[in-house]
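Student: I would like to go through this model with you and ask, at each step, what justifies the words we use for it.

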Amino acid sequence: MTGRPIDVTRWRAAQMAAALRAGECSSRELVEAHLARIRRQDHALHAWVSVDGEGAIASAEAADRRLAEARRAGPAALADLPPLLGLPLALKDLVVTRGQPSTAGSRILEGFVGPYDAHIAERLLAAGAVVLGKTNMDEFAMGSSTEHSAWGPTGNPWDLDRVPGGSSGGSAAAVAAFHVPLAIGTDTGGSIRQPAALTGVVGLKPTYGRVSRYGIIAFASSLDQIGPFGRDTRDAAMLLQAVAGRDERDATSSPHPVPDYATALPLDDEPAAVGLRGVRLGLPRQYFVAGMEAGVARCVREAVAALEAAGAEVVDVDLPHTDYGLATYYIIAPAEASANLARYDGIRYGYSARGGDVLANYLATRDGGFGAEVKRRVMLGTYALSAGYYDAFYLKAQKVRTLIKRDFDRAFESVDALVAPTSPTVAFRLGARLADPVAMYLSDACTLPVNVAGLPGLSVPCGLSEGLPVGLQFIGRPWDEGRLLGLGRAYEAITAGAPWRGVEPTALPVLDDPDAPSPAARLAAAQDERSFTA
Amino acid sequence: MLGRMAHLDRAEVAHVALLARLGLSEDELTRLQVELNHILEQYAVLAELDTEAIAPTAQTIEQANILREDRAEPGLSTEAALAGAPERLGDHFLVPAILGDAGAPEVEP
């Protein structure tokens with residue numbers, strides 16, 4: 001064959017799995033190609049907090065041995081191999097793995113090495129997946145831009161002067177920039193779906209309790225959920241399949257049966273599109289919020305029209321308590337975070353500072369170890385839970401939570417799923433919302449009610465506005481991940497020929513420039529400019 | 001009620017910081033007072049809703065009788081548990097004395 005050599009990093013995970021089984025490439029080749037890309041580009045993207053090249057190569061070689069053995073044993077043995085065997089993937093920097101660092105983007109966990117594997121890490125390692133490293137994130141997952149990482153921000157592969165969203169921005173950027181085909185994120189108020197939307201990839205927040213959180217560094221325990229990123233719905237389904245299900249060590253993980261998400265999704269576009277016929281979708285009026293960009297609204301309305309044209313019935317629905325979602329979330333999440341983060345005392349692991357006696361040590365450790373956004377939320381949460389204010393804030397928010405959940409319950413009496421924007425805007429500029437926490441919080445206006453109600457939500461790319469990706473969100477009943485993935489797959493099928501489908505992230509060539517500035521330098525320059533004009 | 005109460009003076013901010021075990025600088029306290037009050041103002045919208053008869057939701061996905069067998073499982077070894085300790089003495093995490101004379105710890109290494 002002549003012409004350009006095949007670039008395996010452009011493949012979907014499913015293509016990689018097929019090539020491994022066919023003996024067309026080895027896991028070692030896949031892993032080395034991705035590691036080379038990371039080494040060449042991450043100075044300009046900063047999607048990664050730590051990369052374990054040596055461990056990844058060893059895992060890849062182990063996967064290649066399993067593949068060779070199965071190939072000798074015959075087609076049945078090959079078919080029995082776990083789908084993720086030999087595939088490179090990324091974990092968000094809050095997934096604890098044995099012998100590797102996990103910082104959750106925080107200085108307070110600097111130097112922390114995991115003494116055990118998280119449940120999902122055990123599952124992925126048993127499946128033969130190859131973990132290349134940990135991805136950047138807002139500190140303790142608190143943020144919508146990945147700018148609140150103690151290790152500096154991550155760039156958006158579509159425009160390096162813009163954020164990738166957050167908090168799982170490193171995972172989203174890594175998948176969008178072909179550093180990995182698959183990545184794990186967590187979503188407490190939109191932290192998978194919003195970065196997926198802003199970087200043009202697929203991200204799924206499963207039902208609360210679908211995936212065990214044993215070994216995941218906690219943010220807000222009644223909201224946190226783990227989910228997959230991929231470049232299409234089939235890849236995302238494959239990764240969800242590998243991690244979903246009950247685990248005794250997380251009492252909130254559900255015994256609800258896990259369906260076969262991955263094989264239920266048609267490979268061919270025609271049968272996938274047929275799935276839309278007769279589906280009833282609700283379009284929540286309140287999700288076209290004030291402050292929504294016209295370009296985003298246009299893309300979403302076009303997507304809805306395409307779904308209708310393919311046979312879906314779309315009706316307007318009301319979720320009347322949507323506007324209360326933000327306040328409800330920003331009481332519940334900080335309250336739970338303030339309790340979860342009480343464990344960081346500088347005594348057992350991580351950053352430790354001396355102030356004198358025990359109390360002074362706590363004060364010094366937590367002052368030096370936590371960043372500004374974490375302090376803000378710990379303060380808010382501590383206040384909301386403190387004597388005399390509990391009823392006014394936390395209890396009130398839990399009651400409004402009931403109303404928000406009822407809105408969804410009522411909507412699902414008449415529709416199969418909801419379709420909505422994922423984020424009211426495209427990726428914003430580095431630094432643009434750092435000075436105004438409330439503006440940052442509004443980034444998640446369309447995603448956080450879904451966490452408040454415990455429901456699954458899927459974001460799929462639905463076009464470009466001013467050259468930047470827009471996300472379409474499908475929201476389902478509890479345990480309806482399979483339906484959401486089917487809807488996402490159907491949407492991919494009916495838009496397979498759309499011009500924007502073939503557009504790669506536009507800043508990829510810049511990543512190959514060894515002199516390209518880091519996202520931290522870009523943020524500093526943006527802030528200089530802002531203070532100059534102000 | 002939410003609207004009326006949602007204002008923190010500087011002493012309250014300092015008190016909450018102590019409750020949260022955050023040793024904040026004067027600058028941080030000043031900034032946080034402004035930011036927290038701005039955020040608390042956003043909470044006031046909840047006061048519009050009559051929730052007198054509404055039950056609170058703590059867990060959205062109801063699960064009943066999540067039980068497992070009561071059996072001992074191997075946990076972390078002492079070495080693994082102490083591996084990340086900033087300061088240790090023998091098989092113990094080392095902290096400044098809390099009670100009495102803050103002299104040398106009476107622990108055999």
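Student: How many helices and strands does chain B have?

Tutor: In this predicted model, chain B has 4 helices and 2 strands, and reading along the sequence gives the pattern α-α-α-α-β-β. Buried residues account for 17% of its 109 residues. Among contacts in chain B between residues at least 6 apart in sequence, 39% join residues at least 24 apart.

Student: What does chain A contain, and what makes it as compact as a globular protein of its length?

Tutor: Chain A holds 19 helices and 11 strands. Its radius of gyration is 22 Å, and the globule rule gives 24 Å for 534 residues; the two values are close, so chain A is as compact as a globular protein of that length. Along the principal axes, the C-alpha atoms of chain A fill a box of roughly 70 × 55 × 55 Å. In chain A, 60% of the 534 residues count as buried, and among contacts between residues at least 6 apart in sequence, 76% join residues at least 24 apart.

Student: Which parts of chain B make up the side that touches chain A?

Tutor: The contact involves 44 residues of chain B and 59 residues of chain A. On the side of chain B that touches chain A, α1 (2-5), α2 (10-19), α3 and α4 (78-82) each supply at least two residues, and α3(B) gives the most, with 7 residues. Sorted by class, that side of chain B has 32 nonpolar, 9 polar and 3 charged residues.

Student: Why is α13(A) called oblique to α3(B)?

Tutor: The axes of α13 (residues 372-385) of chain A and α3 (residues 26-43) of chain B come within 11 Å and cross at roughly 60 degrees. Angles under 35 degrees count as roughly parallel, those over 145 as roughly antiparallel and those from 65 to 115 as roughly perpendicular; the crossing at roughly 60 degrees therefore makes α13(A) oblique to α3(B). The crossing in which α13(A) passes α3(B) is right-handed.

Student: Which residues make that contact, and how do they divide by class?

Tutor: On α13(A) the contact is made by A:R376, A:M379 and A:L380, and on α3(B) by B:L32, B:E35, B:L36 and B:I39. The residues of this contact divide into 5 nonpolar, no polar and 2 charged.

Student: Why are α8(A) and α17(A) described as roughly antiparallel or parallel, and which of the two words applies?

Tutor: The axes of α8 (residues 233-243) and α17 (residues 481-494), both of chain A, come within 9 Å and cross at roughly 160 degrees. Angles over 145 count as roughly antiparallel, and α8(A) and α17(A) are therefore roughly antiparallel to each other. From α8(A) the contact takes A:T233, A:R234, A:A237 and A:L240, and from α17(A) it takes A:E481, A:L485, A:G488, A:R489 and A:E492. By class, this contact has 3 nonpolar, 2 polar and 4 charged residues.

Student: Where is A:D232, and how do you know whether A:D232 is buried or exposed?

Tutor: A:D232 lies in the loop between β6 (225-230) and α8 of chain A. A residue is buried if 20 or more other C-beta atoms lie within 10 Å of its own; A:D232 has 20 such atoms, and is therefore buried. Not counting residues up to four places away in sequence, A:D232 touches A:R12, A:V202 and A:E492. A:D232 and A:A14 are 218 residues apart in sequence, and their C-alpha atoms are 9.7 Å apart in space.

Student: What is notable about the phi of A:F140 and of A:F178, and are these residues buried or exposed?

Tutor: A:F140 has a positive phi of about 55 degrees although it is not a glycine, and A:F178 has a positive phi of about 65 degrees, again without being a glycine. A:F140 is in the loop between β3 and α6 of chain A, whereas A:F178 is in the loop between α6 and β4 (182-187) of chain A. Set against the cut-off of 20 or more, A:F140 counts as buried with 30 C-beta neighbours inside 10 Å, and A:F178 is buried with 23 other C-beta atoms within 10 Å.

Student: Which peptide bond is cis?

Tutor: The bond from A:G166 to A:S167 is cis, with omega near 10 degrees. A:S167 is placed in the loop between β3 (130-135) and α6 (169-176) of chain A.

Terms used. Residues are numbered from 1 along each chain as its sequence is written. Chains are lettered from A and ligands numbered from 1 in the order in which they are written. This is a predicted model: local features need pLDDT of at least 70, side-chain atom pairs count only at pLDDT 80 or more; totals for chains, interfaces and linings use all residues. Axes are lines fitted to C-alpha atoms, for helices over the stretch in contact, and angles run from 0 to 180 degrees between N-to-C directions. A crossing is left-handed if the near helix is turned anticlockwise from the far one by less than a right angle, and right-handed if clockwise. Two residues are in contact if their C-beta atoms, placed from the backbone, lie within 7 Å. Ala, Val, Leu, Ile, Met, Phe, Trp, Tyr, Cys and Pro count as nonpolar, Asp, Glu, Lys and Arg as charged, and the others, Gly among them, as polar. The radius of gyration is taken over C-alpha atoms; the globule rule is 2.2 Å times the number of residues to the power 0.38. A residue is buried if 20 or more other C-beta atoms lie within 10 Å of its own, exposed if 12 or fewer, and partly exposed in between; C-beta atoms are placed from the backbone.
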